[in-house]
Amino acid sequence: MMNDLEKQDVYKSFSSDQRWIRNPILRGFHPDPSIVRVGEEYYIATSTFEWWPGIRLHRSTDLAHWELLPYPLNRISQLSLSGVGASQGVWAPCLSYDQGVFYLLYTVVKSFYCNMYDTNNYLVMATDIQGPWSDPIALHNFGFDPSLFHDEDGKKYLVSMVTDHRVPKKYAGRLVLQEYDPIEKKMKGPIRDIYKADHIFLEGPHILKRNGWYYLFSADTGTGELHGQTIQRSRCIWGPYEMYCADFMQREEEHEAYSILTSRHHSDILLQKAGHCDLVETPEGEWYAVHLCGRALEQRNPLDAPRFAGARRYMLGRETAIQKMRWTEDDWLVLDCGGTVPQEYVPMPVGAKEMDLKETEEKRVFRDDFDQKELSLEYQSLRIPMTEEYISLQARPGYLRMYGRSGLSSKFSQTLLAVRITEFDMEITTKLEFEPEVFKQMAGLILLYDTDNYFYLHSSYDEDCGKCITLLKAENKKYQYLSDYLSIASEIPIYLKIVMKHGILSFFYQMEGGEWQKIADQIDGSFLSDEACMEGWFTGTMVGICCQDLTGFGKYADFDWFETRCL
């Protein structure tokens, strides 16, 4: 009998002319996917946590190639993240569509590293996926991962998990259901438990209806390497729900979840952490599940690490992948390829209109010469929008001017723009003009996970050597300069470069007309990962440009261009 890993090559050989989807489909920090189809177009929403604007949206016609769309939460009236902690903010969106309207649910988490969580759930709506989206409707705060189900009779229901602050907890996992009134735009009627268990923890629930069954489709066992996806069903939306249990589901102990998709027993495959799924049906009646996943580095946490001791590191964060599914004769959902292991290559839908491959190839290089009127959608900032108080594309045409504000630990007023790291091997460069006058003024290139963990290759000023270049490392609030203050000439543009190869970093600078100078080499940057950072563990490594002026006078830096390149 073939094992799950051997099935991959056989599955790919079924048709020599079959077109294939390569996973992950959304590479780098794109967790908690929710998918919907409208006509022949598919849309995915993913979590953004403390990064502004809120919620990434992507569009596709073939499920393989994806185009980034405008962010739905792009006004302070919709979303206020100022002051939220690392990996708090916007969690687990749910995107759905009914009667010409897009519905987008999400949680804003403002207290998490404590006993009692604050998990506020909201709904925004739009008739066009590209907006404008409404101001938010407050729902309830029972827990996170809310999902909206549109029933055939016109009723709408909100399902979510529940956090339990009691010591000890009453249940390991608990899901609740309540009706939503679309006319009054508020919750109504009783809120009822539809799942509670002593051992199997469920979250990220979605409800769908098929052949008279209501299916409860939920993530199990956290969001790390034990992650998985379960499915239950009932003839009544209020339950009771029966969990699908089958012989092909590998379980090594009694309390392990019955997962139809999981990587937990296969540490050697590419797509780890598989779970947190959502489903979509194609126009031809095929079924696919998008799911969270991660690609591991070889580097691990120390065995005496205070959290996740010995764990593998996931520098890219949690990503989005897709699997083809099928329904069994007795109306249960399974992987189309058999088994429970996520596949790196998945068949493209029958009859799918393939998107522009040239555009997809160009995504391996992202370059911004700052000659447009608006910034690329790829950029996000930390917690706050980059208004004219922070940046300008008009002050010096062809340049991005960044006005220095608070320091890199600030959760309120940072001047910083960043994009996702999408592969383990990348090169990041920028050209900078900056004339600091005191050591409290800085600008440059930053590789960061959160406000406590980063590498900052930057220009500043030192009393002994004048204008200079240096490299600052922050690892869980431990700060270290990895180079001396290297004196450089004034009034000359500076080039900065970071080269990353599987978590190992090299840093360079160059003066206009000169040669590249290496500042630091063979630096392990793998701690910029979900497992190694002490406060947050739900996002991923970002790279960008920033400027600080701790004097309060707003010294500016001009960036001529910024580029990331997959090697």
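**Close-up views of a predicted model**

**View 1. Four strands, β2-β3-β5-β6, make up an open sheet with antiparallel pairing.** The edges belong to β2 (34-38) and β6 (67-69), and each of these pairs on one side only. Going from neighbour to neighbour in this sheet, the strands are turned by 30 degrees on average, direction ignored. As in every view here, you're looking at a predicted model. Zoom in on β2 and you'll find five bridges joining it to strand β3 (residues 41-46), with the two running antiparallel. To get your bearings on that pair, pick out serine 34, which sits opposite alanine 45 in β3.

**View 2. Another open sheet of four strands runs in the order β11-β12-β13-β14, again with antiparallel pairing.** Here β11 (147-150) and β14 (186-197) are at the edges with a single partner strand each, so one side of each has no neighbour in the sheet. From one strand to the next, the twist averages 25 degrees. Now for the inner pair: strand β12 (residues 156-161) is joined to β13 by six bridges, and they run antiparallel. A handy marker is serine 160, standing opposite valine 176 in β13.

**View 3. Here's a closer look at β13 and its hairpin with β14.** Strand β13 (residues 173-181) and β14 run antiparallel, with eight bridges joining them. Two cross-strand pairs are easy to track down. Leucine 175 stands opposite tyrosine 195 in β14, and glutamate 179 has lysine 188 as its bridge partner in β14. Four residues lie between the strands of this hairpin, and lysine 185 takes a positive phi near 55 degrees. How much of β13 is buried? Eight of its nine residues are, so the strand is largely enclosed by the rest of the structure. When you follow the side chains along a strand, keep the usual pattern in mind: in a regular strand they alternate between the two faces of the sheet.

**View 4. Strand β30 (residues 425-433) pairs with β36 and with β40.** Eight bridges tie β30 to strand β36 (residues 494-501), and the two run antiparallel. In that pairing, look for methionine 426 opposite methionine 500 in β36. Strand β40 (residues 556-566) is also joined to β30 by eight bridges, again antiparallel. On this side the pair to find is isoleucine 428 and threonine 564, the latter in β40, standing opposite each other.

**View 5. The structure holds one cavity of 30 Å³ or more.** The largest cavity has a volume of about 50 Å³. Which residues come closest to its centre? Out of 13 lining residues, those are Ala92, Pro93, Pro146, His206 and His276. Two strands, β7 (89-98) and β15 (202-210), each supply at least two residues of the lining of the largest cavity. As for chemistry, that lining divides into six nonpolar, five polar and two charged residues.

**View 6. An edge-to-face aromatic pair brings together phenylalanine 308 and tryptophan 537.** A pair of aromatic rings is described by the distance of the centres and the angle of the planes. The model has 28 aromatic pairs in total. For phenylalanine 308 and tryptophan 537, the ring centres are 6.4 Å apart and the planes lie at 75 degrees; angles over 60 count as edge-to-face, so this pair does too. The two residues are 229 residues apart, so to speak, in distant parts of the chain: phenylalanine 308 is in the loop between β21 (287-294) and β22 (319-327), and tryptophan 537 is in the loop between β38 (517-524) and β39 (542-549). Are these two residues buried, exposed or partly exposed? Phenylalanine 308, at 37% relative accessibility, counts as partly exposed. Tryptophan 537 counts as partly exposed at 22% relative accessibility. Both residues belong to one aromatic cluster, together with Phe29, Phe49, Trp91, Phe144 and Phe538.

**View 7. Phenylalanine 370 and tyrosine 379 form a stacked aromatic pair.** Their rings are 6.5 Å apart, centre to centre, with 20 degrees between the planes. Are these two residues buried or exposed? Phenylalanine 370 is buried, and tyrosine 379 is buried as well.

Methods: Residues numbered from 1 in each chain as written. Predicted model: local features only at pLDDT ≥ 70, side-chain atom pairs only at ≥ 80, totals over all residues. Heavy atoms only, no water. Pairing = 2+ DSSP bridges. Axes fitted to C-alpha atoms, helices over the stretch in contact; angles between N-to-C directions. 1 Å grid on protein atoms, 1.4 Å probe; cavity = no way out; pocket = protein on both sides within 12 Å on 5 of 7 lines; lining within 4 Å. Points joined across faces, edges and corners; volume = space filled by probe spheres on them. Nonpolar A, V, L, I, M, F, W, Y, C, P; charged D, E, K, R; others polar. Phe/Tyr/Trp six-rings, centres within 6.5 Å; stacked < 30°, edge-to-face > 60°. Buried < 20%, exposed > 50% of the residue type's maximum accessible area, 1.4 Å probe, protein only.
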